[in-house]
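Q: Could you take me through one part of this model closely? I would like to look at the packing around a single strand and then at what lies apart from it.

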Amino acid sequence: MRHAANKKMAKIISITNQKGGVGKTTTVAKLAALGAQKFGADKIALITTDTYRIGAYEQLATYGRIIGCPVKHVKDATELADVLYQFRSKKLVLIDTAGMSQRDLRLAQQLDALINHCNVPIKSYLVLSATAQLSVLNESVKHFKRVKL
C-alpha cells in the first residue's frame, strides 16, 4: 500500500554509492548518531534495502542497537512505503542502499523503485571513495544524476 507524504513525515535521506566498501553504512551510522544526539534516539530510524550483501542488515542492526534506534529491512518499494509510514513520526529516517557498480542494472532498478514508486520525498546523497580515479568518480556522478542528488 502506498502512503502519501504529509508535512509531519520524517526527513528521509537515502545514502547511495557506486560500490561496496566506500563507507556508506558507516556514514549512515554516524548520521544516525548525530541525529540521536540532536533529537533523541527514539526520533531516529534506519532502513536497509540491501538484499545483496551477506550481513548487510545485521551490520546496520548492530549500529541501531548501539544508538538505540529501530532498524528495518525492506525488499521492495511496497515494503519501503509501509515502513516509511510506520516511521512517519520520526524526525530522521536514513536509508542504506546496496553498494554495487554504477553499471549494475540491479542498482538502477532499486533506485528507480525507491524514487518513483514510493510516494514520499526522499533526499539522496552519493558517497564516493576519495581514493577512486577521477574518471571513475565522474562516471559515478554522471550515472547517479538521475537520482536527483
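A: Happy to; here is a walk from one strand to the cores and then to a helix. The model is predicted, so local features need pLDDT of at least 70 and side-chain atom pairs count only at pLDDT 80 or more, while totals for chains, interfaces and linings use all residues. Residues are numbered from 1 along each chain as its sequence is written, and side-chain values use heavy atoms, with hydrogens and water left out.

Let's start with Thr-48, which is found in strand β2 (residues 44-48); strands are DSSP runs of E of at least two residues, and helices are runs of H or I of at least four, numbered from the N terminus. Thr-48 is buried, at a relative accessible area of 0%, where buried means under 20%, exposed over 50% and partly exposed in between, with a 1.4 Å probe and protein chains only. Setting aside residues up to four places away in sequence, Thr-48 touches Tyr-57, Leu-60, Lys-72, His-73, Val-74 and Asp-96, a contact being heavy atoms within 4.5 Å.

Leu-46 belongs to the largest nonpolar core, of 11 residues; such a core is a set of buried Ala, Val, Leu, Ile, Met, Phe, Trp, Tyr and Cys residues joined through side-chain atoms within 4.5 Å. At least two residues of this core come from each of α1 (24-39), β2, α2 (56-67) and β4 (92-96), and α1 gives the largest share, three residues. Apart from this core lies another, of 10 residues, including Leu-80 and Leu-84. Both Leu-80 and Leu-84 are among the buried residues of helix α3 (residues 77-86).
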